[in-house]
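Open the model in your viewer and keep the sequence panel beside it. This tour gives a selection at each stop and tells you what is there.

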Amino acid sequence: MQYQLIELNDSSCQATAWFIEGAVLAANLTIQPTDPDTWLTELLGDVSAELRAAVTEQIHKQHNRILRNEYSLLELVGNERDHLADFAEGFMSLWPRVEEQWQSATVNDGTQRMMQALFTSFMLAIDEESTQQQMRAAGIEVPPALSDFIDQMDLMINEVALAADELMVGNKSQSLNPFKGVGRNDLCPCQSGKKFKQCCGQ
C-alpha cells in the first residue's frame, strides 16, 4: 500500500497536509515520548478531535515506514519544491521542542553531523537564498545549495530516526530498570550498605 499524506477534512485547519507531514517527522525524531496534544494546538490552533486522531495515526504510520526503511520524502515530494518547502516549514516549526530533548542526550559525531545536514537541508528548502546569505555572514565562503543535500535527505531522515529510536529505547529501559548501570559489587542504590549482588540484585 502506498504511503499517503494526512487527509484534511477539517476546514478550520489552515495548515497543508505537507506542513503537517513535516511536523509529524519532527515528532518522530523525538527521543522522549511526546503526545501530539502537547504541540498540535501550539502549531495549528484549536483542532478537532478528528484531526488530533488523524495526526496521531499519521505519526504511527510514518514511524512504521521509517523503521522499515520505506519512508521516502523524495518520492512523496517528487519535483514539487513548494511541497518540500511546506514540509520543511512544518518540520522547523516543531523542531525547537525536539531539539531541547536532543541537547540533553549524548550522541556520536556522525549523528550530530546528520542532524545538522538535515536541519540545513530544511532551511535551504524554505529559503535557499536567505540561508546562504546567513552562511556567508557566518564565514562560510561557498555555502551549500539544496541540490547538494537533496539526494541524501532520505538517508539523513532514516539515520536520525534510528538514533532517536535508540535513545528512546535507552530512556525507556532506564525508567523500567532503575538498576541499569549498577555493578554487582557496587553498593546497593537502596542505601542498605550491602553490595548490590547481596541485596536488590539477587
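**Stop 1: Gln-132**

Select Gln-132 and show its neighbours. Leaving aside residues up to four places away in sequence, Gln-132 touches Leu-124, Pro-143, Pro-144 and Ala-145. The residue sits in helix H7, which spans residues 128-137. Is Gln-132 buried or exposed? Gln-132 has a relative accessible area of 15%, so it counts as buried. Keep in mind throughout that this is a predicted model.

**Stop 2: the whole chain**

Zoom out and colour by secondary structure. The protein has nine helices and zero strands. Read from the N terminus, the elements run α-α-α-α-α-α-α-α-α. Now colour by accessibility. Of the 202 residues in the protein, 41% are buried. Next, turn to contacts between residues at least 6 apart in sequence. Among these, 67% join residues at least 24 apart.

**Stop 3: H1 against H5**

Select helix H1 (17-28). Add helix H5, residues 81-103. Their axes come within 6 Å and cross at roughly 35°. The crossing of H1 and H5 is right-handed. For the contact itself, show side chains on both helices. H1 contributes Trp-18, Phe-19, Glu-21, Gly-22, Ala-23, Leu-25, Ala-26 and Ala-27. H5 contributes His-83, Asp-86, Phe-87, Glu-89, Gly-90, Phe-91, Ser-93, Leu-94, Trp-95 and Val-98. Sorted by class, the contact of H1 with H5 has 11 nonpolar, four polar and three charged residues.

**Stop 4: H5 against H6**

Keep H5 on screen. Hide H1 and add helix H6, residues 109-126. At what angle do the axes of H5 and H6 cross? They cross at roughly 140°, and they come within 8 Å. H5 passes H6 in a left-handed crossing. On the H5 side, pick Leu-84, Ala-85, Phe-87, Ala-88, Glu-89, Phe-91, Met-92, Trp-95 and Trp-102. On the H6 side, pick Thr-111, Met-115, Leu-118, Phe-119, Phe-122, Met-123, Ala-125 and Ile-126. The residues of this contact divide into 15 nonpolar, one polar and one charged. Look back at the H5 list: Phe-87, Glu-89, Phe-91 and Trp-95 of H5 take part in the contact with H1 and also in the contact with H6.

**Stop 5: Ala-117**

Stay on H6 and select Ala-117, which lies in that helix. Its relative accessible area is 16%, so Ala-117 is buried. Outside the residues up to four places away in sequence, Ala-117 touches Phe-149 and Met-156. Draw a C-alpha to C-alpha distance to Phe-149. The two residues are 32 apart in sequence and 7.5 Å apart in space.

**Stop 6: Trp-39**

Move to the loop between H1 and helix H2 (40-44), and select Trp-39 there. Trp-39 is at 1% relative accessibility, so it counts as buried. Which residues does Trp-39 touch, not counting those up to four places away in sequence? Show Ala-23, Ala-27, Thr-34, Val-55, Ile-59, Leu-94 and Arg-97. Of these, Ala-23 and Ala-27 of H1 and Leu-94 of H5 also belong to the contact of H1 with H5. Trp-39 and Ala-27 are 12 residues apart along the chain, with their C-alpha atoms separated by 9.2 Å.

**Stop 7: the largest pocket**

Run a pocket surface. The largest pocket holds about 370 Å³ of space. It is lined by 17 residues, and the closest to its centre are Asn-28, Ile-59, His-60, His-63 and Met-168. H1, helix H3 (49-67) and helix H9 (153-176) each supply at least two lining residues. Which helix gives the largest share of the lining? H3 does, with five residues. By class, the lining has six nonpolar, eight polar and three charged residues.

**Stop 8: Asn-28**

Centre on Asn-28, one of those closest to the pocket centre. Asn-28 belongs to helix H1. With a relative accessible area of 7%, Asn-28 is buried. Beyond residues up to four places away in sequence, Asn-28 touches Ile-59, Gln-62, His-63 and Ala-164.

**Stop 9: Asn-69**

Finish in the loop between H3 and helix H4 (73-77), at Asn-69. Check the backbone here. Phi of Asn-69 is near 60°, a positive value in a residue other than glycine. The relative accessible area of Asn-69 is 56%, so this residue is exposed.

Technical notes: Residues are numbered from 1 along each chain as its sequence is written. This is a predicted model: local features need pLDDT of at least 70, side-chain atom pairs count only at pLDDT 80 or more; totals for chains, interfaces and linings use all residues. Side-chain values use heavy atoms; hydrogens and water are left out. Helices (H or I, at least four residues) and strands (E, at least two) are DSSP runs, numbered from the N terminus. Buried means under 20% relative accessible area, exposed over 50%, partly exposed in between (1.4 Å probe, protein chains only). Contact means heavy atoms within 4.5 Å. On a 1 Å grid over the protein atoms alone, a cavity is a set of points where a 1.4 Å probe fits but cannot get out, and a pocket is an open set with protein on both sides within 12 Å along at least five of seven lines; lining residues have an atom within 4 Å of a point. Grid points are joined across faces, edges and corners, and a volume is the space filled by probe spheres set on the points. Ala, Val, Leu, Ile, Met, Phe, Trp, Tyr, Cys and Pro count as nonpolar, Asp, Glu, Lys and Arg as charged, and the others, Gly among them, as polar. Axes are lines fitted to C-alpha atoms, for helices over the stretch in contact, and angles run from 0 to 180 degrees between N-to-C directions. A crossing is left-handed if the near helix is turned anticlockwise from the far one by less than a right angle, and right-handed if clockwise.
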